[in-house]
Amino acid sequence: MTEHYQTARHFLRERERWRWPEALPWLAIVAAFFIVPDYLALGTQIVIAIIFALSLDLILGYAGIITLGHAAYFGAGAYATGMLSAHLGWGEPISAMLFGGIIGGLAGFISGWVLLRYHGLTLLMLTLTTAILMQETANAAEEWTGGFDGLVGISIWPLLGTFDYDLWGKTYYCFAVVVLLVCFLVARTIVHSAFGRSLVGIKGNVERMHGVGTPVHGRLVTIYTISAAMAGVAGGLFAESNAYVTLDVLSFSRSGVVLIMLVLGGTGRLYGAFVGTAVYMTLEDELAKLSPEFWEFGIGLLLVVVVLFFRRGLLGALEDLRVRRS
Amino acid sequence: MGQVANAAIVILFDGVAYGMLLFIMSVGLSITMGLMGFVNLAHGGFAMAGGYVLVSLMVGLGVPFIAALVLAAVFVAVLSIPFERYLYRRLYEADELDHVLLSIGLVLMATAAITFIYGPSAVSITVPDYLNGQVDLGFGTFPAYRTFTIGVGGLLILGLWYGFEGTIIGAKIRAAVDNRRMAQSIGINVDRLFVIAFALGSGLAALGGGLAIEIIGMEPTFALTYLVFFLIVVAVGGLGSIRGAFVAALLLGLIDTAGKYLWPDGGAFFIYAVTITILLIRPLGLFGRA
């Protein structure tokens with residue numbers, strides 16, 4: 001008994017240990033600051049998208065919740081942060097971003113409480129229509145959200161009262177990276193905790209988890225809320241960095257793109273969000289300039305190929321390659 | 001009073017025509033999703049292909065409208081077979097996420113390809129004179145084209161009803177929808193049914209896409225724009241239920257048309273609110289069975 005316990009403990013400890021390749025994405029993020037200072041505006045958007053994709057990985061990659069409406073929480077956060085500044089005149093970046101996270105999390109808690117009782121196609125449809133319903137609501141509530149024209153008049157104060165925003169977006173890049181680091185540490189802690197392992201159990205075999213007495217619905221709502229809050233934080237950052245929010249933040253295409261980015265990198269491995277997002281957005285930036293159709297066709301083809309042959313994403317493919325070599 | 005009654009008739013008529021169009025385009029998706037359990041977000045791509053093939057036939061080759069409509073449907077039905085054989089089939093055992101991703105990939109490719117070939121703006125056709133203007137139905141005059149669409153939809157319902165209830169192949173498909181493994185074990189060639197159902201569904205979608213040009217327009221974003229509507233018809237109606245798809249499509253057409261007339265700013269809001277309500281109460285849809 002104790003021996004098995006020790007083995008299991010060792011196994012989980014070993015799994016949680018930091019490994020040197022984990023430094024690579026962070027080194028790349030720091031290096032980007034010095035090597036391509038002209039691209040930091042794009043870099044900031046990539047970092048924001050990584051946070052968003054990371055939040056999706058928590059529910060999709062670990063808990064196995066398939067959603068087509070994750071933009072609902074990104075958008076809720078973006079509008080919350082934006083309206084706080086545009087209507088109430090509060091532009092302190094850190095608290096405004098956290099407010100976005102709180103509203104995103106609240107939206108996630110309420111919708112998750114109701115929706116996570118369903119599964120399969122029904123859940124897919126419910127997440128999809130919930131996000132569109134929120135988009136239609138934002139469209140109709142023109143006085144508050146600016147409707148189709150977008151929310152203008154967002155003005156963000158200097159960070160910590162001292163660092164103002166420069167033309168190249170250095171300040172904001174650093175801010176976004178720090179937020180990403182915090183979100184990542186939270187996510188990493190969660191997935192290696194007992195709670196995180198129970199989510200993987202739910203994904204693998206929900207009947208058995210019911211059988212061993214796991215409060216499945218409660219666990220799912222908890223992770224959904226955390227994920228939605230993280231998406232809300234990403235939305236808040238997005239609103240602050242662009243000083244402009246449109247209905248696009250709630251759109252189906254945003255929900256779809258974050259899903260594509262995550263799957264491209266690989267689900268259920270946290271760093272998939274980093275790799276997939278960086279690859280997707282860099283390619284988009286380069287190729288869409290040449291020809292939007294070419295880019296769209298290429299990403300569609302890539303998606304088909306990934307689903308058919310590299311189901312575990314780019315990182316999974318790399319892993320397989322290493323295994324085969326050794 | 002007369003005005004209100006007139007407006008009500010216009011909404012009712014337009015709503016039914018739009019609902020019929022949605023039914024024609026999505027009934028195939030309902031059958032294939034019920035039969036194969038494949039969440040095919042690319043179904044609208046076949047509808048869009050139908051629309052564009054129709055444009056090519058009419059504008060490029062001068063084929064008359066009705067003939068072009070039929071040809072486009074047959075062409076797309078045949079075209080869809082390799083997709084089922086070589087792509088969809090590989091993922092029947094996979095989960096919904098894989099279905100969603102594969103079919104999103106296909107939609108993106110279709111959208112890009114159509115934009116590349118036909119350009120990004122909407123295309124149009126010239127419908128024959130007898131479909132232009134108004135037609136007198138005895139109890140009032142109505143737009144001829146919409147009347148034609150409703151007629152086509154009505155014929156299709158009769159055809160599908162007979163096909164599913166009155167023929168052996170229909171009985172086999174119904175058996176496979178209800179219980180695929182059981183159907184297989186009594187010797188029904190389910191693989192072949194999949195091909196037939198998929199081609200039929202894609203062909204019907206293409207027919208709907210051809211009809212749609214004059215009613216809701218046709219541009220490269222069509223497949224993505226109406227994707228949500230097709231899915232709503234299928235989910236609200238219940239997977240694999242033709243009756244369900246018909247009721248849901250009609251409901252959707254009427255609510256959407258009424259919403260757009262009566263509350264232009266927030267009209268679309270109703271559809272999604274109604275969809276969510278129905279799915280919360282009946283997760284398998286109005287006519288769905290476990």
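Student: How many of the 23 residues of helix 4 of chain B are buried?

Tutor: Bear in mind that this is a predicted model. To read burial, compare each residue's relative accessible area with a cut-off, since buried means under 20%. In helix 4 of chain B, 17 of the 23 residues are buried, so that the helix is mostly covered by the definition used here.

Student: How far apart are the end C-alpha atoms of helix 4 of chain B, and what span should its 23 residues give?

Tutor: The general idea is to multiply a rise of 1.5 Å a residue along the helix and compare the result with the model. For helix 4 of chain B the span should be 33 Å, and the end C-alpha atoms are 32 Å apart, which agrees. After this helix comes B:Gly119, whose phi is positive, near 85°.

Student: Which way do residues three or four places apart in an α-helix point?

Tutor: An α-helix has 3.6 residues a turn, so residues three or four places apart point the same way.

Student: How many residues does each chain bring to the contact between chain B and chain A?

Tutor: Chain B brings 39 residues and chain A brings 36 residues. To read such a contact, one looks at the area as well as the residues, and here the two chains bury about 3400 Å² between them, with 83% of it on carbon and sulfur atoms. On the side of chain B, the residues that lose the most area to chain A are B:Leu97, B:Leu101 and B:Met109, which together account for 18% of what that side buries.

Student: How many salt bridges and how many polar contacts lie between chain B and chain A?

Tutor: The rule finds one salt bridge across the interface, and it joins A:Arg311 to B:Asp98, with the closest N and O atoms 2.5 Å apart. As for polar contacts, the count between chain B and chain A is three residue pairs, both residues being at pLDDT 80 or more. The elements of chain B that give two or more residues to the side touching chain A are helix 4 (96–118), helix 9 (222–237) and helix 11 (267–281). Helix 4 of chain B gives the most to that side, with 16 residues. Sorted by class, the side of chain B that touches chain A has 31 nonpolar, four polar and four charged residues.

Student: What can be read in the same manner from helix 2 of chain B?

Tutor: Helix 2 of chain B, residues 43–61, has 19 residues and reaches 26 Å from its first C-alpha to its last, which is close to the 27 Å expected at 1.5 Å a residue. It is mostly covered, with 15 of its 19 residues buried, and just after helix 2 of chain B, B:Gly62 takes a positive phi of about 70°.

Student: Which residues other than glycine have a positive phi in chain A, and where are they placed?

Tutor: The way to read such a case is to take the phi value together with the place in the chain and the exposure. A:Ala243 has a positive phi of about 55° although it is not a glycine, and its place is in the loop between helix 11 (216–242) and helix 12 (252–265) of chain A. A:Ala243 is partly exposed, with a relative accessible area of 33%. A:Leu270, likewise a residue other than glycine, has a positive phi near 60° and sits in the loop between helix 12 and helix 13 (271–290) of chain A. At 4% relative accessibility, A:Leu270 counts as buried.

Student: What span should the 27 residues of helix 11 of chain A have, and how many of them are buried?

Tutor: At 1.5 Å a residue, helix 11 of chain A should span 39 Å, and its end C-alpha atoms are 39 Å apart, which agrees. This helix is mostly covered, since 20 of its 27 residues are buried by the definition.

Student: Is B:Thr147 buried or exposed, and which residues does it touch?

Tutor: B:Thr147, found in helix 5 (residues 144–166) of chain B, counts as buried at 18% relative accessibility. A polar atom of its side chain lies 2.7 Å from the backbone oxygen of B:Pro143. Not counting residues up to four places away in sequence, B:Thr147 touches B:Phe13, B:Val135, B:Leu137 and B:Phe142.

Terms used
Residues are numbered from 1 along each chain as its sequence is written. Chains are lettered from A and ligands numbered from 1 in the order in which they are written. Side-chain values use heavy atoms; hydrogens and water are left out. Contact means heavy atoms within 4.5 Å. Buried area is the accessible area (1.4 Å probe) that two parts lose on being put together, summed over both. A salt bridge is a side-chain nitrogen of Lys or Arg within 4 Å of a carboxyl oxygen of Asp or Glu. A polar contact is a pair of N or O atoms within 3.5 Å; within protein, one must be able to donate a hydrogen and the other to accept it, and residues adjacent in sequence count only if both atoms are side-chain atoms. Helices (H or I, at least four residues) and strands (E, at least two) are DSSP runs, numbered from the N terminus. Ala, Val, Leu, Ile, Met, Phe, Trp, Tyr, Cys and Pro count as nonpolar, Asp, Glu, Lys and Arg as charged, and the others, Gly among them, as polar. The expected span of a helix is 1.5 Å times one less than its number of residues. Buried means under 20% relative accessible area, exposed over 50%, partly exposed in between (1.4 Å probe, protein chains only).
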